[in-house]
Amino acid sequence: MNLATCKAGGTKFTFIMDEEFAPYFFQLKNGTPIPTLRVLHQYPDMLPRFQVDDGAIKFVLKGSDIFCAGLTSKGGSMVDVDEGSIVAIFAEGKEYACAIGQTTMSTEEIRSTNKGVGVKQVHYLNDGFWKLKSLE
């Protein structure tokens with residue numbers, strides 16, 4: 001395994017890579033290592049699963065945070081997690097995760113409040129991490 005650290009937009013990133021410098025995990029500041037979507041697609045049960053409804057998908061794929069209503073509507077679903085948990089975001093009816101995010105409140109609070117941002121996105125399909133196949 002290899003490590004690389006860089007700073008972008010004022011945020012420190014650490015990448016955990018294989019011997020060919022393909023990133024497997026990344027770490028924001030000094031937080032918990034987060035798998036890339038490529039790793040999550042290989043191991044889909046690695047993170048708790050949240051599902052957004054059809055109406056939220058186009059926004060998620062543009063990097064938007066996930067609002068509570070997109071998780072609590074008929075097409076949305078969540079497993080019970082605490083605030084600050086890293087979760088996989090799946091689109092309704094799709095097999096693979098389309099994003100990874102960090103909850104801004106617990107699942108219980110998301111359901112009861114049903115307003116505002118429930119998950120802050122950290123990685124999504126076709127973002128910079130997705131396009132980064134190697135740090136070589």
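1. Let's start with the loops. Asn126 lies in the loop between β10 (117-124) and α5 (128-131); helices (H or I, at least four residues) and strands (E, at least two) are DSSP runs, numbered from the N terminus. Phi of Asn126 is near 70 degrees, a positive value in a residue that isn't glycine. Most residues other than glycine have a negative phi.

2. Before going on, a word on what you're looking at. This is a predicted model, where local features need pLDDT of at least 70, side-chain atom pairs count only at pLDDT 80 or more, and totals for chains, interfaces and linings use all residues. Residues are numbered from 1 along each chain as its sequence is written, and side-chain values use heavy atoms, with hydrogens and water left out.

3. Phe21 is another residue to look at. Its phi is positive, about 65 degrees, although Phe21 is not a glycine. You'll find Phe21 in the loop between β2 (11-17) and β3 (23-28). Phe21 is partly exposed, with a relative accessible area of 29%; buried means under 20% relative accessible area, exposed over 50%, and partly exposed in between (1.4 Å probe, protein chains only).

4. Now for the sheets. One is an open sheet of four strands in the order β1-β2-β3-β4, with antiparallel pairing. β1 (2-8) and β4 (34-35) stand at its edges with a single partner strand each, so one side of each has no neighbour in the sheet. Two strands count as paired if DSSP finds at least two bridges between them. Two bridges join β3 to β4, and Phe25 stands opposite Pro35 in β4.

5. The other sheet to trace is an open one of six strands, ordered β6-β10-β9-β8-β5-β7, with mixed pairing. Here β6 (66-67) and β7 (77-78) are at the edges, each with a single partner strand, so one side of each is left without a neighbour in the sheet. β6 pairs with β10 in the antiparallel sense over two bridges, and Ile66 stands opposite Val119 in β10. On its way through the sheet, β10 also pairs with strand β9 (residues 97-103), antiparallel over five bridges; there, Ala99 stands opposite Tyr124.

6. Stay with that sheet and look at β5. Strand β5 (residues 49-52) pairs with strand β8 (residues 86-91) in the parallel sense over four bridges, and the bridge partner of Arg49 in β8 is Ala88. β5 and β7, by contrast, run antiparallel and are joined by two bridges. The bridge partner of Phe50 in β7 is Met78.

7. Arg49 turns up again when you look at charges and rings. Its charged end sits over the ring of Phe90, 3.7 Å from the ring's centre. A charge sits over a ring if NZ of Lys or CZ of Arg is within 6 Å of the ring centre and within 35 degrees of the ring normal. The charged end of Arg38 does this too, over the ring of Trp130, 4.1 Å from its centre.

8. How many aromatic pairs does the structure hold? Just one. The rings of Phe13 and Phe15 have centres 6.5 Å apart and planes at 15 degrees, so the pair is stacked. For the record, rings of Phe, Tyr and Trp (its six-membered ring) pair if their centres lie within 6.5 Å; planes under 30 degrees apart count as stacked, over 60 as edge-to-face and the rest as tilted. Phe13 and Phe15 are both buried.

9. Leu28 is worth a click as well. It's in strand β3 and is partly exposed, with a relative accessible area of 26%. Leu28 and Phe15 are 13 residues apart in sequence and 9.2 Å apart in space, C-alpha to C-alpha.

10. Leu28 also helps to line the largest pocket, along with residues including Thr11, Lys29, Gly84 and Gln102. On a 1 Å grid over the protein atoms alone, a pocket is an open set of points where a 1.4 Å probe fits, with protein on both sides within 12 Å along at least five of seven lines, and lining residues have an atom within 4 Å of a point. The volume of the largest pocket is about 250 Å³, a volume being the space filled by probe spheres set on the points. Its lining divides into four nonpolar, six polar and two charged residues, and the largest share, three residues, comes from β10. Ala, Val, Leu, Ile, Met, Phe, Trp, Tyr, Cys and Pro count as nonpolar, Asp, Glu, Lys and Arg as charged, and the others, Gly among them, as polar.
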